[in-house]
Amino acid sequence: MRNITLALFATAVFFCVPSVRTSAAEPEPERIRVGTYNMWVYDARDYDFQKKAAYNVFKYRSWKNSKDSLFFLVNEMHPDVFVMQEGCTETLNDVKKLMAKYCDKNYKMWYFMSDPKDGTKSSNIVIYRADKFSISNRSVFWLSETPEVPSEGWDEKKHPRTCLCAMFTSKASGRKFYFMGTHAPLKEAASKACAKIYVEKEKALNPSGTVCILTGDMNARLDKESPLLDTLKTWWHDSYDVNTGEKDPERGTHYGVGGDAGHPRCLDYVFIRSGSDDDYEVVAHTVFRNRYVIGGVKPNLPSDHCPIMIDVILK
């Protein structure tokens, strides 16, 4: 009888031992900072200064006088991944030198000419922390009727507009997010038509539904009707709206040629989506309005645009 009792006890103990998990542990949540910054490069500034005689007083805000302050601000923001608009081959060397001078040495750049035959055309630059993230699945598409080839679209005939896309993987946690950095068209027909391309491309390039961040100068205003913004918000969330942190009531990002607009226009955005909203949490949405003495004249913004950064927890 004693032997039977011991046997039953041993059997019970055996079945009560918890099973050992053989699957890989879930990666830890990770906080990242992602955003956008339009540089307002030299030729765009010169064009704006010549629009009106009254704008001549703002020539001290030239690219030469402002570029150091612009990248000093980049360093103060500590972004992980961000896109800069209005790059060109002539300013690319400036960007490389100034990133090396003011910013962490681990930043790397991915630059793609919007017009392979003309390096003066406005292009996008993606900059990221290579010590923290690996980049893969890079691709580019044009906002036109033929998105697979270099081209202008619809009524936007002056600039080929692109979107640079890539998957980023954290080297610390293994967490992934899909990044889309862009500069949307100015013209009405192109702005409306390109919205569908953003959505279609995200579905095709990110079929797994990994957290996706679309960001850039969208050339679309919150205070005016915008089919582009309306369409994007059917697929992405505006990060400002889903931010669980403190909200800045002033969303304006574009302060104009003088940098002194009383009511700046909101032209720059960070959108976010995922197969499940439980995969992320936006905990901060920040418009950086830092001013520095420009050209020895007076404090002003380094660009006509202010950068936006969002802090996201990848879960």
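1. Asp-48 and Lys-51 form a salt bridge in this predicted model, and their closest N and O atoms are 3.3 Å apart. Asp-48 has a relative accessibility of 12%. Because the limit for a buried residue is under 20%, Asp-48 counts as buried.

2. The count of salt bridges in the model comes to 16. Side chains of opposite charge can pair when their charged atoms come close. Another of the pairs is Glu-148 with Lys-201, where the closest N and O atoms are 2.2 Å apart. Glu-148 sits in the loop between β5 and β6, while Lys-201 belongs to helix α5 (residues 188–205), so this salt bridge ties together parts that are 53 residues apart in sequence. The two partners differ in their surroundings: Glu-148 is exposed, at 55% relative accessibility, whereas Lys-201 is buried, at 16%.

3. Lys-315 pairs with Glu-281, with 3.9 Å between the closest N and O atoms. This salt bridge also links distant parts of the chain, since Lys-315 is in the segment after β14 and Glu-281 in strand β11 (residues 280–287), 34 residues apart. Lys-315 is partly exposed, with a relative accessible area of 40%, and Glu-281 counts as partly exposed at 26%. Elsewhere, Arg-31, Arg-33 and Asp-311 are joined into one network by salt bridges that share partners.

4. Which residues have the most contacts inside the largest nonpolar core? They are Ile-32, Val-126, Phe-168, Phe-177, Phe-179 and Val-312, in a core of 30 residues. Strand β14 (residues 308–314) gives the most to this core, namely four residues. Another core lies apart from it and has 29 residues, including Met-39, Val-95, Phe-288 and Ile-294.

5. Val-126 can be taken as an example from the largest core. With its neighbours within four places in sequence left aside, Val-126 is in contact with Val-81, Phe-82 and Val-83, with Lys-108, Met-109 and Trp-110, and with Leu-164, Phe-168 and Phe-179. Two of these partners, Phe-168 and Phe-179, are themselves listed among the residues with the most contacts inside that core.

6. Strand β10 (residues 268–273) is mostly covered, with six of its six residues buried. Asp-268, Val-270 and Ile-272 point one way from the strand, and Tyr-269, Phe-271 and Arg-273 point the other way. The buried residues thus include Asp-268 and Arg-273 as well as Val-270, Ile-272, Tyr-269 and Phe-271.

7. Which strands pair with β10? Strand β8 (residues 212–217) pairs with β10 in the antiparallel sense over six bridges, and here Gly-216 stands opposite Tyr-269. Strand β9 (residues 237–238) is joined to β10 by two bridges, and these strands run antiparallel too. In that pairing Asp-238 stands opposite Phe-271.

8. Two backbone angles deserve a look. Most residues other than glycine have a negative phi. His-78, however, has a positive phi of about 55 degrees. His-78 is placed in the loop between α3 (63–77) and β2 (81–87), and at 55% relative accessibility counts as exposed.

9. Trp-154 likewise has a positive phi, near 55 degrees, and is not a glycine. Trp-154 lies in the loop between β5 (133–142) and β6 (162–170), the loop that also holds Glu-148. Is Trp-154 buried, exposed or partly exposed? With a relative accessible area of 24%, Trp-154 is partly exposed.

Conventions: Residues are numbered from 1 along each chain as its sequence is written. This is a predicted model: local features need pLDDT of at least 70, side-chain atom pairs count only at pLDDT 80 or more; totals for chains, interfaces and linings use all residues. Side-chain values use heavy atoms; hydrogens and water are left out. Buried means under 20% relative accessible area, exposed over 50%, partly exposed in between (1.4 Å probe, protein chains only). A nonpolar core is a set of buried Ala, Val, Leu, Ile, Met, Phe, Trp, Tyr and Cys residues joined through side-chain atoms within 4.5 Å. Contact means heavy atoms within 4.5 Å. A salt bridge is a side-chain nitrogen of Lys or Arg within 4 Å of a carboxyl oxygen of Asp or Glu. Two strands pair if DSSP finds at least two bridges between them.
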